Amino acid sequence: MAGVILCGCGSIGRRHLENLAALGAEVFAVCEPNTSVIPDGPWQKLASIGQLGKRIQGQFVVIASPTRHHVEHAAWALSKGARAVLIEKPLATTYAEAKELEPWKDQIAVAFNYRFLVPLKEGMKQYLDDEGRKVLVISATDDISKWPDFGPTSYMLDPDQGGVLLTSASHSIDLAISLLGSANWLVGEITKIGALESMVLVRLTHDNGSQSIVDCSWLPAISEHSMVFGLSPHGVTVIDLMRHDMDRAKALMHLEMMRAFLAWSGGHDPGHLCLWKDAIAGMLVIDGLRKSSEIDGPVFLEDGQILSKEEKNAQH
């Protein structure tokens, strides 16, 4: 197996490092501007991924740096010969930014870990097996003060790379795409507190005719919840992601995602891993939601374009 390089050692980076060690991966470098936060281990501590130079050739890279640096770090690693890259979600801050990585699309995976939540996969099996158009509702409210590394300088409170859309809602949008496929139409609203996005509500129409609704918000803990509702021609599926027996499964989903990345990077089937097609489709939805909220109306997603009704009609 090739060696692994970890870029970024905040809370999620440290979790990735623990899982890589648990899977027996050879991590030979961890890159973080503040090298003092890098745990001791059999890896080199570097302040920048650029310090690796040619040593990155043929290696696996895990990008867990702040979102605004995802494309920069991934593009550098891939252009210098990295074999495969796992980018922490979301892929980028905007669709246009994410498209800069398209030359290496077959070497990129994105770390959407809820794809590996076993009770969710098992609970949705009958829903997915049912034929015909479906409806999916994902509703979640987070108390972000409980998140690791929460504080006044946290990336999640930075309007340019945080907010509910790029953090919580990006998970739900990816889940909708992983279950129902790419979307071609949406209407949504983003609510802000100051400059920070705090609530998102969006309705999507998917290419297969199914629909999904994503409702994500940051509110105090008293109202914290995370629910998935699946409506198909043959029944209703309800999954509470906050129930107590989910705790162990949530702890394991990061590990299983990393296992899938290492296997895929080594030439095996990706399983539930989020690859380029779904990742870039999710970024198009994120930018589409921004436009829909701005114009207060629906938008169409066509061939990488985000069109208002008027713009679509003008094309035809």
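In this predicted model, strands E5 and E6 (residues 108–111) run in parallel and are joined over four bridges. Within this pair, Val85 stands opposite Ile108 of E6. Both strands belong to an open sheet of seven strands, arranged in the order E3-E2-E1-E4-E5-E6-E13 with mixed pairing. Strands E3 (44–46) and E13 (274–275) form the edges, each pairing on one side only. As a reminder for readers new to sheets, strands pair through backbone hydrogen bonds, in either a parallel or an antiparallel sense.

Helices pack against this sheet. Helix H1 (residues 11–22) lies across E1 (4–7), E2 (27–31), E4 (60–63) and E5, and its direction makes about 165° with that of E1. Helix H7 (residues 247–265) also packs on the sheet, where it touches E1, E4, E5, E6 and E13 and runs at about 155° to E5.

Attention now turns to the nonpolar side chains. In soluble globular proteins, such side chains tend to be buried together. The largest nonpolar core here contains 58 residues, of which Leu52, Val61, Val85 and Leu91 touch the most other members. Helix H8 (residues 276–295) is the biggest contributor to this core, giving nine residues. Leu91 offers a good view of the packing: beyond its neighbours within four places in sequence, its contacts are His70, Val71, Ala98, Leu101, Ile108, Val110, Trp276, Ala279, Ile280 and Met283. Another core, of 42 residues, lies apart from the largest one and includes Val30, Ile38, Trp43 and Leu175.

A second set of strands is worth following in the structure. Strand E7 (residues 135–142) is mostly covered, with six of its eight residues buried. E7 pairs in the parallel sense with E10 (residues 211–218) over eight bridges, and Asp142 has Trp218 of E10 as its bridge partner. With E11 (residues 225–232), by contrast, E7 pairs in the antiparallel sense over seven bridges; here Ala140 is partnered by Ser226.

Helix H6 (residues 163–180) invites a simple check of length. Its 18 residues, at 1.5 Å a residue, should span 26 Å, and its end C-alpha atoms are 25 Å apart, so the two values agree. H6 nevertheless bends by about 50° at Ala169. Because 17 of its 18 residues are buried, H6 is largely enclosed by the rest of the structure. Just after the helix comes Gly181, with a positive phi near 95°.

Some backbone details complete the picture. Most residues other than glycine have a negative phi, and most peptide bonds are trans. The bond from Lys89 to Pro90, however, is cis, with omega near -10°. Pro90 sits in the loop between E5 (84–88) and helix H3 (95–99). Asp296, which is not a glycine, has a positive phi of about 60° and lies in the loop between H8 and E14 (299–302). Its relative accessibility is 72%; since the cut-off for exposed is over 50%, Asp296 counts as exposed. Asp303 likewise is not a glycine and has a positive phi, of about 50°. This residue is found in the loop between E14 and E15 (305–308), and its relative accessibility of 82% means that Asp303 counts as exposed.

Notes: Residues numbered from 1 in each chain as written. Predicted model: local features only at pLDDT ≥ 70, side-chain atom pairs only at ≥ 80, totals over all residues. Heavy atoms only, no water. Core = buried A, V, L, I, M, F, W, Y, C linked by side-chain atoms within 4.5 Å. Buried < 20%, exposed > 50% of the residue type's maximum accessible area, 1.4 Å probe, protein only. Helix = DSSP H or I, 4+ residues; strand = E, 2+ residues; numbered from the N terminus. Contact = heavy atoms within 4.5 Å. Pairing = 2+ DSSP bridges. Expected span 1.5 Å × (residues − 1). Bend = angle between axes of the 7 residues up to and from the residue. Axes fitted to C-alpha atoms, helices over the stretch in contact; angles between N-to-C directions.
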